[in-house]
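Student: Could you take me slowly through one part of this structure, the aromatic rings and the helix that goes with them? I would like to follow the reasoning step by step.

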Amino acid sequence: MRIVAIKCEPDLRFGAELVQSCLQTLPAARRERILRYKKEADRLRSLIGDAAVRMQASLCLSKAPSSLRFTANAHGKPALAEAGTFHFNVSHSGCWVVCAFARFPVGVDIERVRPIRFQIAERFFAAEEAAALRQLPEADRSDYFFDIWTLKESYIKLDGRGLALPLDAFWFRQERNGYVLADGPRKPVCVRHYAIDPHYKCAVCADHDELPKTADVTDAAELLRRYLRLCREF
């Protein structure tokens with residue numbers, strides 16, 4: 001299993017030639033979907049995630065990145081059309097795109113830590129999680145809130161039903177060595193947080209206990225250049 005965190009500089013400036021070359025490697029439908037995003041930052045994050053997934057799948061399956069085809073389940077979770085043992089999940093927030101790759105279903109979420117109204121927990125968290133939040137000193141509530149939020153987002157992405165699975169239908173308990181799934185429809189689940197950036201929280205949920213201890217961090221422009229080199233090898 002591998003977790004890859006891709007850093008995009010705050011201004012997201014890339015050479016136009018590099019971006020266009022990467023876009024041209026994608027199927028027309030996927031390229032058009034990326035270009036439909038109104039904001040350049042959203043287009044670039046989508047392209048970066050797509051390139052990262054295609055590169056990893058290509059290396060695992062020995063197929064040209066441009067030949068790979070993807071599908072999605074009824075709830076929109078993407079998957080490789082060839083199925084098999086290559087699973088992935090992608091999340092992005094602010095200046096980060098994070099990808100999880102595994103031989104089994106996996107979910108990942110990254111969120112920028114920001115001021116939040118903790119009443120959100122009363123609405124979306126399970127009763128046990130909301131109660132634990134209320135009992136914390138005010139200074140510790142933000143860390144706990146985003147720990148739980150990223151775990152919940154990564155869990156529903158692992159499950160594959162997205163928000164069709166209510167966020168209060170399962171809950172996580174904080175223990176001495178981290179968090180564990182206390183109750184939920186999909187068990188057992190292994191979870192881990194990754195310290196990628198002090199201003200962000202990142203969590204991964206998986207069905208098997210093969211989560212790496214750390215994420216591989218790379219630069220977005222370098223990743224796109226490596227992706228293009230791989231495309232040219234096929």
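Tutor: Let us begin with a word that will be needed throughout: a residue is called buried when its relative accessible area is under 20%. Please keep in mind that this is a predicted model. Tyr155 has a relative accessible area of 0%, so Tyr155 is buried, and Phe172, with a relative accessible area of 1%, is buried as well.

These two residues also form an aromatic pair. In general, a pair of aromatic rings is described by the distance of the centres and the angle of the planes. For Tyr155 and Phe172 the centres are 6.0 Å apart and the planes stand at 85°, and because an angle over 60 degrees counts as edge-to-face, that is the name this pair receives. The pair links distant parts of the chain, since Tyr155 belongs to helix α6 (residues 138–159), while Phe172 sits in strand β7 (residues 171–175), 17 residues apart from Tyr155.

The structure holds 13 aromatic pairs, and another of them joins Phe125 and Trp149, whose ring centres are 6.3 Å apart and whose planes meet at 35°, so this pair is tilted. Here too distant parts of the chain are linked, with Phe125 in the loop between α4 (119–124) and α5 (127–135) and Trp149 in helix α6, 24 residues apart. Both Phe125 and Trp149 are buried, and they belong to one aromatic cluster together with Phe118, Phe124, Phe145 and Phe146. A ring can also have a charged residue over its face: Lys152 lies over the face of Phe170, at 4.2 Å from the ring centre.

We can now turn to α5, the helix that follows the loop holding Phe125. Its buried residues include Glu129, Ala130 and Leu133. Seen down the axis of α5, the buried residues fall within an arc of 100°, so they line one face of the helix. A general rule helps here: an α-helix has 3.6 residues a turn, so residues three or four places apart point the same way. On the face of α5 turned away from the buried side we find the exposed residues Ala127 and Gln135. As for what covers the buried residues of α5, the list includes α4, α6 and β7. Two of these elements have already appeared in our pairs, for α6 carries Tyr155 and β7 carries Phe172.

Terms used: Residues numbered from 1 in each chain as written. Predicted model: local features only at pLDDT ≥ 70, side-chain atom pairs only at ≥ 80, totals over all residues. Heavy atoms only, no water. Phe/Tyr/Trp six-rings, centres within 6.5 Å; stacked < 30°, edge-to-face > 60°. Helix = DSSP H or I, 4+ residues; strand = E, 2+ residues; numbered from the N terminus. Buried < 20%, exposed > 50% of the residue type's maximum accessible area, 1.4 Å probe, protein only. Lys NZ or Arg CZ within 6 Å of the ring centre and 35° of its normal. Arc of directions from axis to C-beta. Contact = heavy atoms within 4.5 Å.
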